[in-house]
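Reader: I would like a close look at one loop contact, followed by an account of the sheet and the helices packed around it. Please keep to what can be checked against the coordinates.

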Amino acid sequence: MRKELKKITLFLLLLVAAIWSLQQAIDTAYKKRVSNKFTKVMNHETDAQIMLFGSSVVYNHFNPKIISSVTGLDAYNMGFSGLFYVQYSGLMQEYLSYQKRCKVLIIGCDFDNLGKNEFMTRPDLFLAYTGNKNIYHSFYEIEPRKAFMAKYVPGYKLTLLSKAFYAKILIDKTVIDTNSGYEALTDKWEATKTQPFNSRYEDHIFELLQTATKEISGKGIKVVFAIPPVYTEGYKLILNAEMIKNKYHSLVGNNVYFLDYTTDSMCTNRNYFHNFTHLNAQGAALFSHTFAQDLIKIIHE
């Protein structure tokens, strides 16, 4: 009986070791094979003088080439659709752990930025990095049980990996980033929400942002919170818009700035918008130039 028990135990240990090794091999393959803007940060390959973080309102609104041409500083857009602060904070903290050149860190603020999704957005982009403390903490804030099991239970992560994850390792070709992380939206009008609503907000997430802001500004890096233009008719639908703006404004201090473009004249012109909260390519170009001009004042203050 004892011999059988030993055999079973040994078999289980070997099975766990095999699963763990497979999991490590897949993670390593992803890190080596994939070259998107997130892996470049995780590999400490991106270090611009102006770094932009946020959701789609950064990804689709802030054109780094225009910002660079106006300010004379190189810029990179780390925005991604559906990422609120609680998730991209891990990327931001990883960047700050190694950066040498950053002068200004921009946080683009959509009105859901201080809330969170029920599930992690695009986990296939981050699962290979659950061993990284910054990525793990941001994952844990959103889905604590899943994050814990993905990190500590051999084989559990394999159940979370999607076809997109494997496709990036085995099939997809490396895409050359010619726009410094930026992508414009089309001119086609695609408004969705038509009823008044409250944007997502949590005090706990605001406190995390507040702590991070003090740490970043304390390093001599200027932190700029920026709310891009919102189409006037869409802005009227956000019931708690002023409360959220006041939260950002309360962070202003030494090396910390807040730029609010929700009252800009372009907010009344639908020709600049893709939907209520997103600019189209034409609007993004105009906004990027306006923003860059304001940024110059901050840089040389």
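Author: With neighbours within four places in sequence set aside, E143 is in contact with E118, F119 and M120. The model is a predicted one, and what follows should be read as a description of that prediction. E143 sits in the loop between helix 6 (133-142) and helix 7 (144-152). Its relative accessibility is 10%, so E143 counts as buried, the limit being under 20%.

One of the partners of E143, E118, can be looked at from its own side. E118 belongs to the loop between strand 3 and helix 6. Its relative accessibility is 62%, and because the exposed class begins over 50%, E118 counts as exposed. The contact therefore joins a buried glutamate, E143, to an exposed one, E118. Leaving aside residues within four places in sequence, E118 touches I142 and E143. For E118 and I142, the separation is 24 residues along the sequence and 6.8 Å in space, taken from C-alpha to C-alpha.

The loop of E118 follows on from strand 3 in the naming used above, and strand 3 leads to the sheet. This sheet is open and has 5 strands, in the order 2-1-3-4-5, with parallel pairing. Its edges are strand 2 (75-77) and strand 5, each of which pairs on one side only. Neighbouring strands are turned against each other by 20° on average, with direction ignored.

Strand 3 has a partner on either side in that order, strand 1 and strand 4. Strand 1 (residues 50-53) runs parallel to strand 3 (residues 104-108), and 4 bridges join the two. In this pairing I50 has V104 of strand 3 as its bridge partner. With strand 4, strand 3 again pairs in the parallel sense, here over 5 bridges. V104 takes part in this pairing too: its bridge partner in strand 4 is K222. V104 thus has a bridge partner in strand 1, namely I50, and another in strand 4, namely K222.

Burial in strand 3 fits that position. Of its 5 residues, 5 are buried, so strand 3 is largely enclosed by the rest of the structure. V104, I106 and G108 point one way from the strand, while L105 and I107 point the other way, and all are buried.

Two helices lie across this part of the sheet. Helix 9 lies across strand 3, strand 4 (222-227) and strand 5, and runs at about 140° to strand 4. Helix 12 lies across strand 1, strand 3, strand 4 and strand 5, at about 155° to strand 4.

Each of these helices also packs against another helix. Helix 9 (residues 203-218) packs with helix 5 (residues 85-98) at an angle of about 20°, and their axes are 11 Å apart. Angles under 35 degrees count as roughly parallel, so helix 5 and helix 9 are roughly parallel to each other. The crossing of helix 5 past helix 9 is left-handed. Helix 5 contributes Y85, V86, M92, Q93 and L96, which meet I205, L208, L209, A212, E215 and I216 of helix 9. By class, this contact has 9 nonpolar, 1 polar and 1 charged residues.

Helix 12 (residues 281-299) has helix 4 (residues 64-71) beside it: their axes come within 8 Å and cross at roughly 40°. That angle makes helix 4 oblique to helix 12. Helix 4 passes helix 12 in a right-handed crossing. On the helix 4 side the contact is made by I66, I67, V70 and T71, and on the helix 12 side by A285, S288, H289, F291, A292, Q293, L295, I296 and I299. These residues divide into 9 nonpolar, 4 polar and no charged.

A second loop residue can be set beside E143. N255 lies in the loop between helix 11 (241-249) and strand 5 (256-260). Its relative accessible area of 16% makes N255 buried. Not counting residues up to four places away in sequence, N255 touches S217, G220, I221, K222 and V223. Among these, K222 is the residue in strand 4 that is the bridge partner of V104.

Technical notes:
Residues numbered from 1 in each chain as written. Predicted model: local features only at pLDDT ≥ 70, side-chain atom pairs only at ≥ 80, totals over all residues. Heavy atoms only, no water. Axes fitted to C-alpha atoms, helices over the stretch in contact; angles between N-to-C directions. Parallel < 35°, antiparallel > 145°, perpendicular 65-115°, else oblique. Left-handed = near helix turned anticlockwise from the far one by under 90°. Contact = heavy atoms within 4.5 Å. Nonpolar A, V, L, I, M, F, W, Y, C, P; charged D, E, K, R; others polar. Buried < 20%, exposed > 50% of the residue type's maximum accessible area, 1.4 Å probe, protein only. Pairing = 2+ DSSP bridges.
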